[in-house]
Amino acid sequence: MDLKARAAAHPDHWSKANAIRALALDAVAAANSGHSGMPIGMADAATVLFEKHMNFDPSAPNWPDRDRFVLSAGHGSMLLYALLHLTGYKDMTLEQIKNFRQWGAITAGHPEYGHATGIETTTGPLGQGISNAVGFAMAEEIQRAHYGKKVVDHYTYVIAGDGCLMEGVSQEAITLAGRHQLSKLVVLWDNNNITIDGPVSLSDRTDQVGRFVSAGWDVIEIDGHDPREIDAALTQAKKNQKPTMIACKTHIALGHAAQDTSKGHGALTNDEQNAAAKAAWGWTTGPFEVPDAVLEGWRAIGARGKSTREAWEARFDTLPRGKRETFNRAYALDVPKKLSATIKAFKKQMSEGAPKLATRASSEKVLEVINPIMPETVGGSADLTGSNNTKTSDLGVFDTDNRGGRYVYWGIREHGMAAAMNGMALHGGLRPYGGTFMCFTDYARPAMRLAALMKIPTVFVMTHDSIGLGEDGPTHQPVEHLAISRATPNTYVFRPADTIETAEAWELALSSKSTPSVLSLTRQGLPTVRTEHKTKNMVAQGGYVLADAIGKRQAILMATGSEVSLAMQARDILHAEGIGTRVVSMPCWELFEEQDEALRKRVLPGGPVRVAIEAGIRMGWDRWLFGERGKREKSGFIGMHDFGASAPADVLFKELGITAEATAQKVRDLVAGNWKPDTRI
C-alpha cells in the first residue's frame with residue numbers, strides 16, 4: 001500500500017485521520033499498555049463517518065436525536081477518545097488522553113459508560129457493543145412511531161471487529177436486526193483478519209459477508225482506507241431498507257512495522273518503530289501535538305451539529321404539551337405521578353381478595369395496571385411469553401408493520417435479549433424488561449453484569465425460580481442463581497412472597513434510575529401473606545417483620561419468595577407448642593443492607609435463634625443468620641445443598657426437606673441447644 005499516494009490523493013482527509021492515529025499511538029506508548037493497531041487501522045472510516053455522516057453536538061452531548069456511535073471493538077478505545085477530544089467534547093481534554101489507562105482518568109482501557117460524555121455504552125467484552133446497538137436501533141424505531149419523525153429520526157453506527165463477530169452473542173444480535181429490518185443500524189466491520197493469537201484463519205473460516213446476507217442484511221464491501229469508498233458506502237447504507245454491514249478491508253497498525261501481524265493488535269511501544277510509522281504517515285509533530293490547522297478542521301466538524309440540534313429543538317417545541325412532557329419525563333427516568341397511587345390501589349384490591357397466585361402471574365397482573373400509565377415500558381420474553389407472563393393486552397407487538405408495538409418476541413436469545421435491552425435503556429426514553437427462566441440467567445449473565453456496571457435500570461424478569469418448577473428437573477431448577485445475582489454489585493434482586501410484594505418490587509424496579517433489577521418469580525401458586533393492607537412499600541425496606549411472635553420471642557424465621565408461606569406455617573406449629581416465633585420476609589437483601597442499623601436491629605434483634613428458609617443454596621445467608629447480632633450456634637438453614645431432581649414440586653419440597661415441619665424441628669433443636677454444624681454447602 002502506497003501511503004504517500006493516498007496522502008497525496010486526499011491530503012485533508014489524511015491529515016485528519018493521522019491525528020487519530022498519532023494520538024492513539026502516543027497514548028498507548030505512554031501507558032505502555034493498550035491496543036494501538038485497531039485505532040490506526042480504522043481511523044479512515046471513523047474520520048469519514050464523523051465528518052460527513054454523524055449528527056452530533058459536543059456542546060449538547062446528550063441531545064436525544066443525535067446519531068449514536070458504538071465502538072463495539074472496545075479494546076480500540078483510543079479511537080473513540082481521540083474522536084471525542086478532536087471534535088471538542090469538553091471533558092475529553094488532552095490531559096485525559098495523556099493519562100490513558102491511569103488512575104482517576106476518564107480514559108479507561110475500554111470505554112466505560114458514564115466516565116465521559118460521548119461514550120454511549122461500555123464495550124469491553126466483545127460482542128456486547130454490536131448487540132447493544134440492536135437495542136439502540138429498536139428504541140429509535142419505537143420512539144419514532146410514538147413521537148413522530150420530526151423529533152426522532154437518527155442512526156446507530158457501530159465499529160465492530162473480528163472478535164465481536166466471533167462471539168456468539170453477535171449471531172443473536174444480527175439475526176434480530178435482520179428479522180426486524182432495522183434500516184437505521186449501520187455496522188462498519190474492521191476486516192483486518194488479525195486476532196491476538198494470529199490470523200483469523202487459526203480459529204475461524206466463517207464467510208462473514210454471507211452470514212450477514214443470510215440474516216437479512218445488506219452488505220457493502222470496500223477498501224477501508226479509501227475515503228471515497230467509505231463515504232459512498234455510508235451514503236448507500238442510509239438509503240437501504242435493511243440494516244447494513246460495511247465490510248471495510250483494512251490493515252491493522254497501518255504503516256507500522258507491526259502492520260498485518262498479531263503484534264499490531266496490542267501495545268506498540270517501540271520508540272524507533274513508532275517514529276518510523278509517523279514518518280510513513282507524514283506526521284511530523286511531537287508526542288500529543290496536533291497541528292493547529294488539523295485541530296481546527298476537527299473542531300469545525302464538532303461544531304457542525306449545533307445548528308442541526310437547534311433545529312431539532314425548534315421542532316420539538318411544536319409537539320403537543322402532553323407529548324413533550326411524556327418525552328422529557330421518560331428521558332429523565334422519572335415515573336408518572338400516578339404510579340404510586342396505582343400501586344396502592346392494586347395492593348388494596350389484592351390484600352382484600354387474597355388470591356393464590358404464582359408470582360409470575362402476580363407480575364402479569366401488576367404489569368396490566370402499570371403499562372397503560374407508563375408508555376415508556378417495553379416488554380418481551382426469550383420465547384417464553386406464556387411462561388414468563390410478560391405480555392399485557394395494551395402493548396402491541398413490535399414488528400416491521402407495527403413500529404409502535406411495545407412487546408418484543410426475542411426468540412431463544414437470552415444473551416441477545418439482555419444486551420439489546422441494555423441498548424434500549426442506554427438509548428434513553430424507554431424502560432425495557434424481559435423474561436426467561438431463572439436458570440437461564442446463565443445465558444444472560446454477561447449483559448446483566450454490564451447493566452450493573454453501567455448503572456442502568458434494565459429489568460430482568462426471571463421466572464420458575466426454584467425446585468418449585470417441578471418436573472422439568474435439575475437442568476431447569478435454579479439453585480445457585482440467587483446467590484450469583486446477589487453477588488453482583490449494584491443489582492437489586494427481588495424475590496417476592498406474594499402478589500403484594502410483587503407489586504412493590506415492580507414499583508421499585510421501575511423507579512430506579514441507576515440500578516438494574518432481577519425479579520425472581522415462581523411457577524407454583526403462592527398464598528397471599530400480606531392480607532393487611534399497608535400503603536407503605538414494605539419491600540423498599542428490603543426486610544421487614546411480616547408476623548411477630550405471640551408471647552416471648554424465642555425464634556426468628558427469615559425467608560424469601562415461596563418459602564415465606566412455609567415460614568408462616570412453621571410459626572403456627574411453633575406457637576402451638578409455646579415457642580414464640582417472628583417471621584421476617586426478606587424480598588431484597590440489597591435494600592435491607594442500605595437501611596440504617598437501628599432499623600435492621602428492630603427487624604433482627606439479638607437473642608432469639610434464627611433459621612433461614614430458601615429453596616436455593618445457603619451462600620449469603622450467614623450474613624443474616626449470625627452477622628447481624630446473631631450467633632452461629634443459634635442459627636440454621638433450610639434449603640438446597642445440591643441440585644434438584646425431576647418430580648412434582650410438592651414431592652421435591654418434601655423429599656429435599658424444605659417444609660414447615662422441618663423448619664419447626666430445626667427451631668426446636670436450636671432452642672433446646674442441640675446445634676450441629678452444617679458442613680454442606
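**Cavities, pockets and a mixed sheet in a predicted model**

A search of the whole structure identified 3 cavities of 30 Å³ or more. The structure is a predicted model, and the values below were computed from its atoms. The largest cavity has a volume of about 100 Å³. Its lining consists of Thr441, Asp442, Arg445, Met448, Arg449, Phe460, Ile484, Ser485, Thr488, Thr491, Pro516 and Val518. Two elements, α20 (441-454) and α21 (481-487), each give two or more residues to this lining. The greatest contribution is that of α20, with 5 residues. By class, the lining of the largest cavity holds 5 nonpolar, 4 polar and 3 charged residues.

The second largest cavity has a volume of about 80 Å³. Phe50, Met54, Phe56, Pro61, Arg66, Asp67, Phe69, Leu80, Leu84, Tyr89, Gly118 and Glu120 make up its lining. Here the division is 8 nonpolar, 1 polar and 3 charged residues.

Open pockets were examined as well. The volume of the largest pocket is about 450 Å³. A total of 24 residues line this pocket, and Asn62, Tyr113, Tyr331, Ala425 and Leu426 are those nearest its centre. Helix α19 (residues 414-427) supplies the largest share of the lining, 3 residues. The lining of the largest pocket comprises 11 nonpolar, 8 polar and 5 charged residues.

The second largest pocket encloses about 330 Å³ of space. Its lining is formed by 16 residues, with Gln524, Gly525, Leu566, Asp650 and Phe653 nearest the centre. The elements that give two or more residues to this lining are α23 (563-576) and α27 (649-655). Of the contributions to the lining of the second largest pocket, that of α27 is the greatest, at 4 residues. In terms of class, 7 residues of this lining are nonpolar, 6 are polar and 3 are charged.

Attention now turns to the strands. An open sheet is formed by 5 strands in the order β12-β14-β13-β15-β16, with mixed pairing. Its edges are β12 (544-547) and β16 (635-640), each of which pairs on one side only. On average, and with direction ignored, neighbouring strands of the sheet are turned by 30° against each other. In general, the strands of a sheet pair through backbone hydrogen bonds, in either the parallel or the antiparallel sense.

Both senses occur at β14. Strand β14 (residues 580-585) pairs with β12 in the antiparallel sense over 3 bridges, whereas the pairing of β13 with β14 is parallel and extends over 6 bridges. In the pairing with β12, Ser585 of β14 is the bridge partner of Tyr544. Elsewhere in β14, Val583 stands opposite Leu557. Strand β13 (residues 553-559) is mostly covered, as 5 of its 7 residues are buried.

The cysteines were examined for disulfides, for which two cysteine sulfur atoms must lie within 2.5 Å. By this rule the model has 0 disulfides. For Cys248, the closest cysteine sulfur is that of Cys164, at 13 Å, and the pair is therefore too far apart for a bond. The relative accessibility of Cys248 is 0%, so this residue counts as buried. Cys588 likewise counts as buried because its relative accessibility is 0%. For both residues the relevant cut-off is a relative accessible area under 20%.

A further buried residue is found in a loop. Val151 is placed between α7 (128-147) and β2 (156-161), in the loop that lies between these two elements. The relative accessible area of Val151 is 1%, and the residue is therefore buried. Val151 is separated from Ser15 by 136 residues in sequence, and the C-alpha atoms of the two residues are 35 Å apart in space.

Terms used. Residues numbered from 1 in each chain as written. Predicted model: local features only at pLDDT ≥ 70, side-chain atom pairs only at ≥ 80, totals over all residues. Heavy atoms only, no water. Buried < 20%, exposed > 50% of the residue type's maximum accessible area, 1.4 Å probe, protein only. 1 Å grid on protein atoms, 1.4 Å probe; cavity = no way out; pocket = protein on both sides within 12 Å on 5 of 7 lines; lining within 4 Å. Points joined across faces, edges and corners; volume = space filled by probe spheres on them. Nonpolar A, V, L, I, M, F, W, Y, C, P; charged D, E, K, R; others polar. Pairing = 2+ DSSP bridges. Axes fitted to C-alpha atoms, helices over the stretch in contact; angles between N-to-C directions.
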